[in-house]
Amino acid sequence: MFNPKVDIIIPAYNQGHYLKASVDSALSQTWQNLEVIIVDDGSTDNTAAVAKSFTDSRVTYIYQENAGLSAARNTGLRNMTGEYVSFLDSDDLFFPKKLDILLKQFEKKSNLGMCAGNSVLINEEGEPIGKTYGMGMPDKPEEWLLGNRIHVGSAVVKSEWIKRVEPFDESLRACEDWDMWLRLSAAGCEMAWVADSVSMYRVHSQQMTRETTRMKTAMFAVLGKILDGPLEPEWLEMATKAKSAALIKSAARAFLSGDTDMATQDIAQAVQISPDLKAKQGADLLETLKGWAYSPSSPDPLQYMVSVFDHLPSELQIPTSVRKNELGSLAVNLAFENYLEGKPSLVRKYFIEAVKIDPSKIVNRKLCSIFVQSLFPRAA
């Protein structure tokens, strides 16, 4: 009978107010053969008291002096005894069937080394914000170089594979999970994806502002480690694309945090590395940047894209017509999205913006219809 033990490693640092819910979500798994390893990374709040309040014999508490997230996870790895391991940050949550869903894939495929699913984004109060994170496994292993595709809490890994590669890099202050997936993939670890939502990822306010420079530094540190080592030719061929992709991600985060100078510099450097980004009037680049408009850290997708167009480097030479079409279409889409969500004031706002950007939108009958309806919203 397939019933392997799973170690769930929870690094915890000064988030005692979230820890109980996190541990409860691990203990409430329909897959019961598990151990929860809480690694207290030198917390000064009530983390220790919360951790020690659990009487379930499957909970192990370890204290260490503050050494960082990667070091805490590595302490957990040194103490794991199960055939599989999963990671749960102390402010995140598992859905009850997470382990059941993912372990079924291992049961079907004995060569599988890692499996992951989708992650639902939640706010600080634990409420879903209508967004998910997870892009599935890449078609080719080297495509991991283009960026992290999964949330760390959405994965389960065979312990033997974790032991084959180096532990989490304790010098990294971000992207340490991406670094791990990259090294596993480069080592030949077979990976699978399921579309089910298996975890909840808590997004904190002002998170993007704090992380812009740190994430950029970490992304290039990870790429530097991988690309400077011995790699197969197809991995090396992906190097240029990977560097430009990292710069575009950095630019998107910079736009979200308001650092438009950094954003402009990053895009200019990306275009210099990959001149093909200028093709089709920069359509692919704009599409990538637009994907960040709906980030949880973006209070207004339209204003984000206005800032993008206002600060694109001159060498891109984006025609005014492209700007007008892109921003006008986005404003229209936002008007309809907010109409469906029952937000009449935002319908009016984006209707006005759409017409200001592109006066021809005034002849859009459906757009005008929802605008009129927004003026006389139904009583609750």
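# Starting from an exposed glutamine

At 66% relative accessibility, Gln317 counts as exposed. The cut-off for that word is over 50%. This is a predicted model, so please keep that in mind throughout. Where is Gln317 found? Look in the loop between α12 and α13. Its phi is near 50°. That is a positive value, and Gln317 is a residue other than glycine.

Now a second residue with a positive phi. Cys175 has a phi of about 65°, although it is not a glycine. It lies in the loop between α5, residues 159–164, and α6, residues 176–186. Is Cys175 buried or exposed? At 10% relative accessibility, Cys175 counts as buried. Buried means under 20%. Put the two residues next to each other. Gln317 is exposed, whereas Cys175 is buried.

Let's step back to the whole protein. How many helices and strands are there? The protein has 15 helices and nine strands. Its C-alpha atoms fill a box of roughly 65 × 60 × 45 Å, taken along the principal axes. What about the radius of gyration? For 380 residues, a compact globule would have a value near 21 Å. The protein has 23 Å, which agrees. Of the 380 residues, 53% count as buried. And here is how the chain meets itself. Take contacts between residues at least 6 apart in sequence. Of these, 72% join residues at least 24 apart.

Next, helix α12. Eight of its ten residues are buried, so α12 is largely enclosed by the rest of the structure. Which residues of α12 are buried? They are Pro301, Leu302, Tyr304, Met305, Val306, Ser307, Val308 and Phe309. What do they pack against? The list is α9, α10 (260–273), α11, α13 and α14 (344–357).

Pick one residue from that helix. Ser307 sits in α12. At 17% relative accessibility, Ser307 counts as buried, because buried means under 20%. Leave aside its neighbours within four places in sequence. Ser307 is then in contact with Phe255 and Thr260.

Now one of the partners of α12. Helix α9 covers residues 239–257, and helix α12 covers residues 301–310. Their axes come within 10 Å and cross at roughly 115°. The crossing is right-handed. Which residues make the contact? From α9 come Ala252, Phe255 and Leu256. From α12 come Tyr304, Ser307 and Val308. By class, that contact of α9 with α12 divides into five nonpolar, one polar and no charged residues.

On to another helix pair. Helix α13 spans residues 320–340, and helix α15 spans residues 365–375. Their axes also come within 10 Å, and they cross at roughly 45°. That makes α13 oblique to α15. The crossing of α13 past α15 is left-handed. On the α13 side, the contact is made by Val332, Ala335, Phe336 and Tyr339. On the α15 side, Lys366, Leu367, Ile370 and Gln373 take part. How many residues of each class are there? The contact of α13 with α15 has six nonpolar, one polar and one charged. Remember the handedness. α9 and α12 cross right-handed, while α13 passes α15 left-handed.

Two more residues before I stop. Both show chain positions that are apart in sequence.

The first is Thr288, in helix α11, residues 279–290. At 40% relative accessibility, Thr288 counts as partly exposed. Partly exposed falls between the buried and exposed cut-offs, 20% and 50%. How far apart are Thr288 and Ala245? Along the sequence, 43 residues. In space, 9.2 Å, C-alpha to C-alpha.

The second is Asp179, in helix α6. At 0% relative accessibility, Asp179 counts as buried. Asp179 and Ala218 are 39 residues apart along the chain. Their C-alpha atoms are separated by 9.5 Å. What is Asp179 in contact with, leaving aside neighbours within four places in sequence? The answer is Asp169, Leu172, Val222 and Lys225.

To recap the residues. Gln317 is exposed. Thr288 is partly exposed. Cys175 is buried, Ser307 is buried, and Asp179 is buried. Find each one in the structure above.

Terms used
Residues numbered from 1 in each chain as written. Predicted model: local features only at pLDDT ≥ 70, side-chain atom pairs only at ≥ 80, totals over all residues. Heavy atoms only, no water. Axes fitted to C-alpha atoms, helices over the stretch in contact; angles between N-to-C directions. Helix = DSSP H or I, 4+ residues; strand = E, 2+ residues; numbered from the N terminus. Parallel < 35°, antiparallel > 145°, perpendicular 65-115°, else oblique. Left-handed = near helix turned anticlockwise from the far one by under 90°. Contact = heavy atoms within 4.5 Å. Nonpolar A, V, L, I, M, F, W, Y, C, P; charged D, E, K, R; others polar. Rg over C-alpha atoms; globule rule 2.2 N^0.38 Å. Buried < 20%, exposed > 50% of the residue type's maximum accessible area, 1.4 Å probe, protein only.
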